[in-house]
Amino acid sequence: MAERILVLAEQLEGQLTDVTLELIGVARRLAAPRGSTVDALVLGEGVSALAATVPADRTLLMEHPALRLFNPEAAQRALEAVARETSPWLVLVPNTSLGMDVAAAVATRLGWPLVAYCQAIEERDGQLVATSQLFGGKILADCPVGTDHAVISVLAGAFSSEAAAPEPPARIERLAPPAELDGLRVRAVGLERPEAADVDITRAEKIVAVGRGIESKENLELAEELAEGLGAVVAASRPLVDAGWLPRSRQVGKSGLKVKPRLYLALGISGAPEHLEGMRDAELIIAVNTDPKAPIFDVAHYGVVADLFEVAEALQERLGG
Amino acid sequence: MDSSLRKVQDVWEQDTAIVEGVDISGPWNRMFGQRVIWNYTPELIDEIASFPGAESFAWCYQCGKCVPVCPVDVVGDYGPRKLYRKAQTGISLLDSPDLWLCTTCMNCLRVCPKQVDMVQIMPAVREQALLSGRPLPAELQEALENTARYGNPLGQPPRKREAWVKDAGVPVPILHQIQRPVEWLWWVECYPSYHPRGIDASIALARIFHALGLDFGILGREEKCAGDSQRLAGERGLFEMLAEENIRTLSKYEFRHIVVTDPHALNAFRKQYPKYGGQYDVWHYTTLLARELPRLHPLLTRQLPYRLTFHDPCYLGRHNGEYDAPRQLIEALPGVEFTEMPRCRQNSYCCGGGGGGMWLDSFAAGRQRRRLSEERVLEAVATGADTLVICCPYEVSRFEDAVKSTGYEGRLRVRDIAELLAEAMGLIGEEPAKA
Amino acid sequence: MTLAVILKQVPDVVEELAIDPSGTDLDRDSVSYVVNEFDEHALEEALLLREATGEDVVVVGVDTTGELDQALYTALAKGAQRAVKLVGDVEGSWLSTRALAGLLAPVIRELSPRLVLTGVQAPDDLDGQLAPTLGALLDWPHTGVVVGTELADGLVRVRKELWGGIMLDLELATPAVLGIQAARATPRYVPVGRVRQAMRESTIEEVEVETPVESAPKLSRLRAPEAAGRAEMLTGSPSDVVERILEILRARGLY
């Protein structure tokens with residue numbers, strides 16, 4: 001039974017996402033001792049060049065106009081058809097905005113168990129265990145994974161992408177799209193990218209990031225001053241962007257941007273898993289938060305349990321002086 | 001109609017008029033004629049006055065006494081009289097930012113010849129704004145949601161309300177644990193239970209109560225916000241819910257009096273809770289400690305080389321008439337020098353935290369030259385004081401922030417009376433008890 | 001036509017979470033419940049759609065806490081027209097997403113709404129998000145991470161957030177199921193007085209449901225994340241802390 005692991009490769013406009021490489025890395029690690037092979041499913045239109053770069057044992061390429069842009073219904077149908085056909089013991093899907101639409105739906109349709117928000121997959125006492133982040137990252141759930149079909153949706157950034165050292169795939173196999181792709185009820189209209197005029201936080205060397213603890217839009221001024229003093233740019237967690245206080249292009253995290261600056265100063269950010277996903281790889285993380293149990297302190301190198309304003313003002317004073 | 005009158009545009013004048021021998025025929029006599037003032041409509045004033053509690057809005061006769069005493073006017077373009085005038089000119093209080101600027105400090109009512117009562121008008125109009133689904137400032141919405149969900153505006157877990165007790169250094173009996181009657185039920189309130197500087201004062205006060213051998217206990221996790229400021233911010237339904245729950249909790253325990261840390265709780269217990277069946281003998285802690293002064297005096301053994309000035313909390317002073325107890329306590333502190341600020345006692349300034357102002361800080365700050373708390377800190381600095389003494393838990397964080405933003409950090413300290421007493425008694429050091 | 005909003009109560013993560021001695025569930029006696037934050041956004045988005053199109057909003061939930069009434073009355077006070085509560089032998093239990101969707105699917109089908117809106121995810125949906133699971137069971141089009149909606153003839157236009165501020169615009173034929181990430185406006189405040197009025201004047205419709213046989217998510221144990229790798233904590237006064245921070249930055253050439 002333990003023959004194949006199927007990875008849903010995620011691509012946007014011909015670009016493979018980092019999480020795809022992370023997933024293939026995990027898949028290869030799990031495949032080796034079991035003698036499984038790793039299949040990567042690439043969905044798109046005109047992406048055969050990209051398929052050639054996927055470091056899987058076998059790349060399954062399905063092309064169709066409905067797959068040009070991400071279409072949740074098309075992706076679900078395609079993955080379902082391939083899973084039925086290849087009968088993998090394990091399906092890995094990224095727990096991203098795209099993967100979330102697909103994983104639960106396909107698992108439900110196939111009647112296979114699903115473990116979502118997975119951050120670790122380990123062998124324990126001969127049993128494969130997937131660990132999931134629940135309750136805002138405050139609790140972990142260990143879930144046994146059998147060899148009789150399972151779907152795991154994996155958090156981006158949870159695994160190293162280097163494990164999947166690029167090597168040419170043994171072969172690319174072109175799959176015929178299922179007939180359902182011609183009668184879809186969902187249409188992808190287009191992509192909209194944020195205005196380029198704003199700062200690119202992914203290229204910033206230093207970031208001053210603010211979260212809910214900043215309390216009001218007016219207080220952003222303090223963060224701006226501090227950033228100026230440090231030669232940094234201001235970024236934020238999702239709630240501040242949702243409130244319209246900062247543009248989307250400043251959002252760090254799952255639905256925002258992934259950043260790897262040399263300095264990430266987190267002010268009033270408690271560190272929801274969705275946020276940590278976007279910044280945990282920063283070289284130096286210093287976090288200020290009033291809650292000593294805030295998950296941000298789990299990824300930070302240095303932590304200060306204090307009112308962010310007290311620290312920010314004291315820092316600003318030193319920088320300004 | 002008088003045939004000698006003729007209408008010139010919108011005014012009347014007499015063709016011929018000789019008054020006491022002076023000929024004021026024609027345009028000269030226009031000023032003596034009656035004229036209908038038509039440059040405003042009374043609808044908006046009537047609308048406001050129609051809300052239960054806001055009737056007195058219509059009584060204003062625009063004398064303007066309220067404006068110079070209004071602490072908000074001092075730092076901005078606001079004044080109770082202006083609200084009426086704006087309503088005359090078509091600006092409804094319901095939709096104006098003015099609705100959220102009043103701190104219900106009550107200084108206008110003190111001087112108003114017509115008894116126009118903003119302390120009742122504001123919550124009544126704010127309630128209508130909320131009920132009609134108008135958006136409210138985000139900070140306030142969060143504080144109200146937190147209060148409804150957690151029983152405190154800070155959004156802290158209810159179970160953590162008694163967590164400060166473990167740092168008190170003296171026994172602080174919690175009623176659900178001790179199951180016996182106490183003489184004094186200490187109503188600690190939200191900021192003294194959760195805010196770090198509020199906790200400092202709570203620890204100081206606990207040690208003083210303990211040193212005096214007071215038979216006291218707290219409700220701990222069973223206590224919920226007394227809710228007065230939420231009521232004044234317009235959330236009467238939330239206040240009623242809290243009052244009912246608190247009264248139910250209090251009915252489980254035997255005690256003789258309530259002592260409160262927070263003047264806003266004092267106000268709620270004295271003036272509102274009786275309407276819901278909660279009749280209690282309620283004391284502010286300064287009143288209780290002033291009564292205990294004969295026993296306290298011999299314990300005040302340490303010299304405090306401080307120059308003090310004192311801020312009267314609106315809800316202790318103007319609202320509940322207690323001006324003397326805090327001053328008696330300050331004067332009992334050995335070694336201190338005490339100077340009043342120009343605005344004190346009945347005419348005291350306001351820290352800006354009352355009436356929901358605690359949760360409208362950014363909203364108000366964006367509409368004022370400086371915060372009320374900053375204005376007050378400058379006033380305190382001008383007296384030459386090195387310590388601003390407070391006895392309301394809203395004030396410590398507001399004034400400490402203001403000391404920083406006005407650049408007086410290190411030159412003016414903000415300390416609760418309880419902290420100074422405890423220091424003079426040798427129960428805490430010069431630094432806050434917990435930090 | 002109606003818009004169905006699914007509300008779910010979840011353990012409040014603001015509180016300390018304790019694990020039950022069984023090791024496979026939270027200590028439900030010490031948990032306090034709140035409506036899933038994303039579900040609040042789903043309700044707000046539905047109310048905004050209602051304001052634009054006049055649809056009726058019906059809120060639906062499975063009462064696993066015994067406290068769902070409060071959430072449903074609050075939704076009615078905010079402007080929903082109907083509230084439907086699914087009751088059965090599920091109180092105090094942790095329903096898997098698939099079990100939850102299984103209970104909801106026939107009720108939703110019966111309501112035959114134009115749209116189903118629910119939160120994009122929940123703090124406890126270990127076996128996946130509700131919107132795609134329910135969408136698969138109903139075989140209706142679905143998508144999640146939605147930050148804006150607009151109803152048109154026979155379809156709904158949605159804006160889906162990807163990452164880095166990139167938005168994907170989709171059109172889904174109705175009926176469809178949407179997982180809402182953020183409503184177009186902050187979820188509105190409803191005064192307690194209005195909620196109490198709803199409690200006096202409205203009724204919650206009840207539907208008896210059969211308890212699913214395997215209703216809990218499959219897991220071997222719950223645990224708190226290891227404290228290892230925790231930050232080195234800097235203590236002292238703000239100015240002490242700032243001095244330390246500057247030292248650290250200087251050592252790395254960052255200041």
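Which residue in S7(B) does B:Trp187 stand opposite? In this model, which I should say at once is a predicted one, the residue of S7(B) opposite B:Trp187 is B:Val260.

That pair brings us to chain B, where strand S5, residues 182–187, and strand S7, residues 255–260, run parallel and are joined by five bridges. Strand S5(B) is also joined, by three bridges, to strand S6 of chain B, residues 216–218, and these two strands likewise run parallel; here B:Leu185 has B:Gly217 in S6(B) as its bridge partner.

Let me move from chain B to the contact it makes with chain C, in which 12 residues of chain C meet 18 residues of chain B. On the chain C side, helix H5, residues 192–201, gives the largest share, with four residues, and the residues on that side divide into five nonpolar, two polar and five charged.

Turning lastly to chain A, I would like to consider helix H1, residues 18–34, whose 17 residues should span 24 Å at 1.5 Å a residue, and the end C-alpha atoms are 25 Å apart, so the two values agree. Helix H1(A) is mostly covered, with 12 of its 17 residues buried, among them A:Val19, A:Leu23, A:Ile24 and A:Leu30, and also the charged-side-chain positions A:Glu22 and A:Arg28. The elements covering these buried residues include strand S1 (4–8), strand S4 (37–44), strand S6 (90–94) and strand S7 (114–124) of chain A. After the helix comes A:Gly35, which has a positive phi, near 70°.

Note on methods
Residues are numbered from 1 along each chain as its sequence is written. Chains are lettered from A and ligands numbered from 1 in the order in which they are written. This is a predicted model: local features need pLDDT of at least 70, side-chain atom pairs count only at pLDDT 80 or more; totals for chains, interfaces and linings use all residues. Two residues are in contact if their C-beta atoms, placed from the backbone, lie within 7 Å. Two strands pair if DSSP finds at least two bridges between them. The expected span of a helix is 1.5 Å times one less than its number of residues. A residue is buried if 20 or more other C-beta atoms lie within 10 Å of its own, exposed if 12 or fewer, and partly exposed in between; C-beta atoms are placed from the backbone.
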